[in-house]
2 protein chains.
Amino acid sequence: MPGTVGDLGEFGLIAEITAGLPSSQQVVVGPGDDCAVFTPSGAVAVSTDTMVQGRHWRDSWSSGHDVGRKAVASSVADLEAEGARPLALVMSLALPAETEMAWVREFSAGVREECVHAGVLLVGGDTTSAPAIVVTSTVFGELAGRAPVTRAGARPGDVVAVRGRLGWAEAGLAVLNRGFRSPAAVVLAHRVPSPPYGQGIVAAEAGATAMVDVSDGLLADLGHIAAASGVAIDLDKGAFAIAEPQTAVAAALGGRDPLAFVLTGGDDHALAACFPRGPVPDGWQVIGAVRAGEPTVLVDGETWDGDPGWQHFVS
Amino acid sequence: MPGTVGDLGEFGLIAEITAGLPSSQQVVVGPGDDCAVFTPSGAVAVSTDTMVQGRHWRDSWSSGHDVGRKAVASSVADLEAEGARPLALVMSLALPAETEMAWVREFSAGVREECVHAGVLLVGGDTTSAPAIVVTSTVFGELAGRAPVTRAGARPGDVVAVRGRLGWAEAGLAVLNRGFRSPAAVVLAHRVPSPPYGQGIVAAEAGATAMVDVSDGLLADLGHIAAASGVAIDLDKGAFAIAEPQTAVAAALGGRDPLAFVLTGGDDHALAACFPRGPVPDGWQVIGAVRAGEPTVLVDGETWDGDPGWQHFVS
């Protein structure tokens, strides 16, 4: 059995990754042709996300399996945020020839496992060599007659609600950065996000006026809704439950405010949505309100004076 | 005006790339949301292609504009090869923070220019930092009620025909590799391919039974049809016109057989298709026939004893 990607070669690599993939009636052509072909119901939502070795993950913290799961989860979360039903994905894998096949097998198993959780089918991809591992996951969902839920529909009077974890991955990253491996729950949250699969459609059917997935941090991502909708969003500090591991991490880091994880931590891929005033779907938590005003996100009526979330290329 | 990608930051970079992009009635949501959304007619064909700096292009030979055009052209060629009408694409751009914004602007202009040629709209993407520039283009086409033309439908008795250039890019790469910059026509062919846009649908409507785009080399790519269809393909050496620049390059390289460029050169993204016996569409050239037998590609009934095309990771 060959030890590295270079030993196996491109076609051998593709054969390994695509062997025995599940399919469905909606997939007319699967991996191995010039294109994959699928039959969507209604309009098609698409999103693409790239992860880079050493930038989005460290090999000492995340296994190939973790990386495969995260690549699928983080891209499918964008479909959820548009109110689309996840359908299929294609994966590009650029990697050094000396990459161990063991890593690729773990990665491939992680992709398959998360595809099952997320309800998508891997239908194609590309492989090539590169100086570092670069994974690009492009996902497709169907709207099935529903209108997409964009960032632009929030209106004054709406309530703001979230579903899913906030700040867990960031707390995990904080402890890993300091050389610790616990609390295990937040470290695992950094390695593999747990988007609230299925809740995007639930929100859309409940009348969500705007929605995002929280990838850069709650304040930053709600800021996108505020800007696109031309509204102000005011969050209620008291509405946030701080989980025990976050409190523990904040204390261990010298008394940092654990709310900072919740408000600015990215990578958990929770869903944040605006709904017309009234009940929100089961399991969603109301955290604030939409008001008329200059586009901004406030906390208890004030500007939050911490880090508003990270951008690539900015240190 | 900032000089590098790092100066500008991720959101500034995205704003530059997406400013004033054209749209269409089929694009419901364009760049800037969690997903792009489009309304296809019929089934959706999708393909993804990755290009890596230093691997798929050299900065001393190819400008950012060339790279942008090539990224679009090489991926849209896969849609053509499935008989799909090109509709939209998303582009992932991973690049070092020290990349000059001048390169990104050229790249972006090249993407836009080739999108116009190819008839696709850029509807979204992702940017991130990476140790080398890695471009992933994922394209979507619509079948509009037609069946996809796969690699698996060739039948004994079919004729094999091509449309587009063969071996030009390879001849260009050969002279560049030896430090020359001419003949200009083949050097340009290496820098920017010219797929026969629109001819994929023409072939599909003419009853093509199988089709590929020639990215790895004619013998290698027809080999995919032979394997998927379970047929032998026999090419007629006399059917190939050798273009003057290829003859010149072959002579300059010490008497190399110029047919080698035509049979094994990749990256021109011509279309090769099988048709039921009878007339082929205008401008298509018959180059061989499909026969019953073990899956293989022969030239005048014999195995071609040169390089069958390249694979990534194999030197």
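Two residues are taken as in contact here if their C-beta atoms, placed from the backbone, lie within 7 Å. I keep that cut-off at the head of the page, and I note that I am working from a predicted model.

**Entry 1, the two copies.** I began with the interface between the chains, where 57 residues of chain B are in contact with 57 residues of chain A. I then looked up which element of chain B gives the largest share of the side that touches chain A, and found that strand S3 (residues 44-52) of chain B supplies eight residues. By class, I find 30 nonpolar, 17 polar and 10 charged residues on this side of chain B. When I checked whether the copies use the same surface or another one, I found that 100% of the interface residues of chain B are also interface residues in chain A, so the copies meet through the same surface.

**Entry 2, the symmetry.** I looked up the operation that superposes chain B on chain A, which is a rotation of 180° with 0.0 Å of shift along its axis, at an RMSD of 0.0 Å. The two copies are therefore related as by a two-fold rotation axis.

**Entry 3, strands that cross between chains.** Next I followed the strand pairing across the interface, and I noted that strand S2 (residues 36-38) of chain A is joined to S3(B) by three bridges, the two running antiparallel. Within this pairing I find Phe38(A) with Val44(B) as its bridge partner in S3(B). In the other direction, strand S3 (residues 44-52) of chain A pairs with strand S2 (residues 36-38) of chain B, again in the antiparallel sense and over three bridges; here Ala45(A) has Val37(B) as its bridge partner in S2(B).

**Entry 4, the sheet built from both chains.** I traced an open sheet of six strands with mixed pairing, in the order S1(A)-S2(A)-S3(B)-S6(B)-S4(B)-S5(B). At its edges I find strand S1 (27-29) of chain A and strand S5 (121-128) of chain B, each with a single partner strand, so one side of each is left without a neighbour in the sheet. Neighbouring strands of this sheet are turned against each other by 25° on average, with direction ignored. I also looked for a helix lying on the sheet, and noted that helix H3 (residues 64-81) of chain B packs on it, touching S3, strand S4 (85-94) and strand S6 (134-142) of chain B, while the direction of this helix makes about 40° with that of S6(B).

**Entry 5, the domains of chain A.** I took the domain assignment of chain A, which gives domain 1 (5-142) and domain 2 (159-299), and noted that the C-alpha centres of these two domains lie 26 Å apart. Between them, 20 residues of domain 1 of chain A are in contact with 18 residues of domain 2 of chain A. On the domain 1 side, helix H3 (64-81) and helix H4 (101-118) of chain A each supply at least two residues, and the largest share, 11 residues, comes from H3(A). I sorted the residues of that side into eight nonpolar, five polar and seven charged.

**Entry 6, strand S7 of chain B.** Last, I asked how covered strand S7 (residues 159-163) of chain B is, and found that four of its five residues are buried. S7(B) is joined by five bridges to strand S10 (residues 271-275) of chain B, antiparallel, and there Val159(B) has Phe275(B) as its bridge partner. S7(B) also pairs with strand S11 (residues 285-291) of chain B in the antiparallel sense, over four bridges, and I noted Val162(B) opposite Gln285(B) in S11(B).

Notes:
Residues are numbered from 1 along each chain as its sequence is written. Chains are lettered from A and ligands numbered from 1 in the order in which they are written. This is a predicted model: local features need pLDDT of at least 70, side-chain atom pairs count only at pLDDT 80 or more; totals for chains, interfaces and linings use all residues. Domain bounds come from an automatic or database domain assignment. Ala, Val, Leu, Ile, Met, Phe, Trp, Tyr, Cys and Pro count as nonpolar, Asp, Glu, Lys and Arg as charged, and the others, Gly among them, as polar. Two strands pair if DSSP finds at least two bridges between them. Axes are lines fitted to C-alpha atoms, for helices over the stretch in contact, and angles run from 0 to 180 degrees between N-to-C directions. Copies are superposed by least squares on the C-alpha atoms of residues with pLDDT of at least 70 in both. A residue is buried if 20 or more other C-beta atoms lie within 10 Å of its own, exposed if 12 or fewer, and partly exposed in between; C-beta atoms are placed from the backbone.
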